[in-house]
Amino acid sequence: MADSANAPKPSSSVKLVLLGEAAVGKSSLVLRFVNNDFQENKEPTIGAAFLTQKCNLPTRTIKFEIWDTAGQERFASLAPMYYRNAQAALVVYDLTKPTSLVKAKHWVAELQRQASPGIVIALVGNKLDLTNDGAGSGAAESGDDSGDARKITTEEAKTYAEEEGLLFFETSAKTGYNVTEVFTAIANAIPETSLKSARGPGASHAAGRTEEQRVNLNGPRDPNAKEGCAC
Amino acid sequence: MVPDADAGSSGSNANDLQAPPPLPPRRMLSTERGTLQVTPAQSTPTTAVSSVDISTLSFPDGSRGTFTTSAMRAVSTPINTGSGRVSPSLGPPSGDLAESMSVMSFAPTMKPAGDLASLVAGGLNRKSRAWQLLRSQSATVQPFQTRDTGMGSGLTGFEREFDNIPDITVQGTTDDDRVALWKSKLKHYMILSSAGKPIYSRHGDLSLINSSMGVVQTIISFYEGAKDPLMGFTAGNTRFVVATEGPLYFVAISKLGESDSQLRSQLDALYMQILSTLTLPTLKNIFVHRPSTDLRKPLEGTESLLSSLADSFTKGSPSALLGALECLRLRKSQRHSINNAFLKMRNDKLLYGLIVAGGKLVSVIRPRKHSLHPSDLQLIFNMLFESGGVKAGGGENWIPLCLPAFNNRGYLYMYVSFFDGNPESNSAEPVQDRSDSEDEIAIILISADKESFYDLKEIRDKVAQQLSKNGSLTIIKAAAAGGRPKIPAIAAGAQISHFLYKSRANVQFCMSSLEPAFGGSGDDEPAKMVARRKLMSLYHQLHASMHAKHTHLKVLHCVGEDAASLAWITPIFELYCVAGPNISRQVMTQGANKIIQWAKKEEERLFIIGGGVF
């Protein structure tokens, strides 16, 4: 190992996509990871943002190409463009908002159905700072204090994550708690083999071309159509 | 105002003694001056004085001299109702004269060859020596200085206009407090569906405004039902303007004195923002299937875009007023080399390419067949520079949006990247926190292909590399940091405090620096905001007068108590300028002429003419 430290570590690109309901903190997680920064009352992402950040592992360097998508319903039809050929996905929910976990489960199901078979998915419960565990010891399960805004227990989400074979973390983008850990865990979970197959944006891009016609934003909108016939 | 002269003469005289010393009347024999200010019956002979004035001023049409002052007021400031800038009850006697003088400036424009030169050359400005002396001493008075108290400016509380109304959860605020706060706002925008569902309101949350929305919907529907759509109405000093766009009602409520057509174009911009999010077919579909749909869900996340757009109107946006864009001033050769670098790096995915620094256009490349519409660019600039959503995230952005003036039926895809200190790096480093948006340089690449992100990113990387290699990036940064041109550098010696110049052919405008006259004192942001709004209100009035229906004005010179202003329109340009209240028309027109000459000389630096075409 001593001599391998001097040699340049192998470096590979990993396409990672963030999905989840609006206002759960996807952009804030990315901002914390990429910039180690946090903004209160951040305005909603429009469309999607593309950022990169390196993650150093003992044996190799992973360069994350991060697609931070907007959570609003009207952008849902664009999501396949971002998760297609992605090697990793972060599905984020808000610990204080039960509907956001429902939405997260939908995203997990869609990824398992439509994304690359080997995709590494992490389920992330954000806004831990709003709960009593916010201080840092994520394992503690205190519960009933009046200041606790938690609506989704760790067990509930963890059990679901285990059933589906997902990585699971509870984080706070505000305090930075567990944020880097999520990305490091993903980097470690990516199999060496999949790193060789897709290197760099060009590769994933070229592959993306074949499925160009799959989504059509100009066509009739699914969400609205559903809304239309729901009652 | 004339009728009560006798009854209220003693009262108004007392007022005059307490009020700040009235401005020197614009034109009067110095011997007359004293009498006019002291005699109790000062207001009675107003008409007589005016007519004497007018006859000596050789009005071409003799009958005009007999116009009553109130009629003249109506001509010179048709939209004065809401602003209260020159309210008849407050106006000192000299105000009447000022008004009649401004009417006078209509006269030469009726001559076929009438232009500013003839205005200046004519015998209209003959003044007594004493008056010239007096005026030269007071010419340094800046616009709006005389009204420092803010009284009567109609802007009381404007510095708190953009404060949030506290949430219902905030302790110690009753509903009455919140309603009072809501009512104190000088400007409201509301959007609702024809079924009465609230969609957007600039101020106040749903619980607060729901009943108001209901009232608004009832009123509008009543007129819709009678097949006589309601366009607008006035209550007190508040103007309500209604616009109906298919299933949507837009309402602007303003105490800031804008004209109906100005408010209507603001509402239109809000509608364009909604179309830009949804496209027209989608919007129609939503309401065809379910007229009672709550549009807030499909529009989720765009409230901040609507609000930043609305606030830019409330603060007063020259760009929105003139329907034109501002460009970064660059040498022709510099802009040429930027355009060329840009054109060379493009690929066939690119529809439009723009480089923008601090909200000012630096370079545009476009296909020969298509040009960009200012209203579409206004939406893009609002998204990138006024609302924080895009630039706050750092990185590169890929945004589906509809440009309604280009095509309201489908989406285009916009790549946005802010240049940072190190443009060569392929990975977009996070943009540093900047308090000021003046020096932010963005590259905007628009494509019709939603899969073309990496193609456009490649253009961006190459362009960034090229611009930094040939020094253009440094030039852009320096030009952006240099700010807008200052008047002394444009027209040395001119007494003009500020101007807007619109090049009609290019649909672009330039303006002088707001510093120092409208920059407020130091970091006093509220004062700055109020000073700028006063200036913009004046421009709005000038613009409304010039563009009112059936007026074919070429030149308009207005003198108020607190500022003098001049508007001048030709097929080539529109010029609006503002000076202190005591500037003579002669001095003002000389300054205006200098500005025009400067703009003509600098045309290729100030404006993008054609842009890079492929």
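**Close-up views of a predicted two-chain model**

**View 1. Strand β16(B) is covered on both faces.** One side of the strand carries Phe573(B), Leu575(B), Cys577(B) and Ala579(B), the other Glu574(B), Tyr576(B) and Val578(B), and every one of these residues is buried. The model is predicted. The strand spans residues 573-579 of chain B, and seven of its seven residues are buried. The charged-type name in the list, Glu574(B), sits on the side shared with Tyr576(B) and Val578(B).

**View 2. Strand β16(B) pairs with β12(B) and β15(B).** Strand β12 covers residues 496-503 of chain B. Seven bridges tie β12(B) to β16(B), and the two run antiparallel. In this pairing, Ile496(B) faces Ala579(B) of β16(B). Strand β15(B) also pairs with β16(B) in the antiparallel sense, over six bridges. Here Ala567(B) stands opposite Tyr576(B). What joins β15(B) to β16(B)? The connection is a hairpin, made through three residues.

**View 3. Six strands of chain B form an open sheet.** The strand order is β6-β13-β12-β16-β15-β14, and the pairing is mixed. Which strands stand at the edges? They are β6 (325-326) and β14 (555-559). Each has a single partner strand, so one side of each has no neighbour in the sheet. The partner shown for β14(B) is β15 (residues 564-569) of chain B, joined to β14(B) by five bridges in an antiparallel arrangement. His557(B) has Leu566(B) in β15(B) as its bridge partner. In general, strands of a sheet pair through backbone hydrogen bonds, in either the parallel or the antiparallel sense.

**View 4. Strand β11(B) is largely enclosed.** The strand runs over residues 441-447 of chain B. Why is β11(B) described as largely enclosed by the rest of the structure? Seven of its seven residues are buried, so the rest of the structure largely encloses the strand. Ile441(B), Ile443(B), Leu445(B) and Ser447(B) point one way. Ala442(B), Ile444(B) and Ile446(B) point the other way. Both sets are buried.

**View 5. Strands β7(B) and β10(B) pair with β11(B).** Strand β7 (residues 350-357) of chain B pairs with β11(B) in the antiparallel sense, over seven bridges. Leu354(B) stands opposite Ile444(B) in that pairing. Strand β10 (residues 412-419) of chain B also meets β11(B) through seven bridges, again antiparallel. There Ser417(B) stands opposite Ile443(B).

**View 6. Helix α14(B) has a buried face.** The helix holds 14 residues, 332-345 of chain B. At 1.5 Å a residue it should span 20 Å, and its end C-alpha atoms are 20 Å apart, so the expected and computed spans agree. Which residues of α14(B) are buried? They are Arg335(B), Ile338(B), Asn339(B), Ala341(B), Phe342(B) and Met345(B). Seen down the helix axis, the buried residues fall within an arc of 160°, so they line one face. An α-helix has 3.6 residues a turn, so residues three or four places apart point the same way. The face turned away from the buried side carries the exposed residues Lys332(B) and Lys344(B).

**View 7. Asn35(A) lies in helix α1 of chain A.** That helix covers residues 26-35. Asn35(A) has a relative accessible area of 30%. This value falls between the 20% and 50% cut-offs, so Asn35(A) counts as partly exposed. How far is Asn35(A) from Lys9(A) in sequence and in space? The two are 26 residues apart in sequence and 23 Å apart in space, C-alpha to C-alpha.

**View 8. The annotated span of chain B covers residues 187-309.** An unreviewed UniProt entry annotates this span as "domain: FUZ/MON1/HPS1 first Longin". In the model, the span is 46% helix and 24% strand. Its end C-alpha atoms lie 13 Å apart.

**View 9. Chains A and B in outline.** Chain B holds 21 helices and 17 strands. Of its 614 residues, 55% count as buried. Chain B exposes about 25,800 Å², with carbon and sulfur atoms supplying 54% of that area. Chain A has eight helices and six strands. Along the sequence its pattern is β-α-β-β-α-β-α-β-α-β-α-α-α-α. Buried residues make up 52% of its 231 residues. Chain A exposes about 10,600 Å², and carbon and sulfur atoms supply 52% of it. For contacts with a separation of 6 or more, residues 24 or more positions apart account for 72% in chain A and 69% in chain B.

Definitions and conventions: Residues are numbered from 1 along each chain as its sequence is written. Chains are lettered from A and ligands numbered from 1 in the order in which they are written. This is a predicted model: local features need pLDDT of at least 70, side-chain atom pairs count only at pLDDT 80 or more; totals for chains, interfaces and linings use all residues. Side-chain values use heavy atoms; hydrogens and water are left out. Helices (H or I, at least four residues) and strands (E, at least two) are DSSP runs, numbered from the N terminus. Buried means under 20% relative accessible area, exposed over 50%, partly exposed in between (1.4 Å probe, protein chains only). Contact means heavy atoms within 4.5 Å. Accessible areas come from the Shrake-Rupley method with a 1.4 Å probe; for residues, only the protein chains shown count as cover. UniProt positions are given in the numbering used here, feature names are shortened, and annotations may be inferred rather than shown by experiment. The expected span of a helix is 1.5 Å times one less than its number of residues. The arc is that of the directions from the helix axis to the C-beta atoms. Two strands pair if DSSP finds at least two bridges between them.
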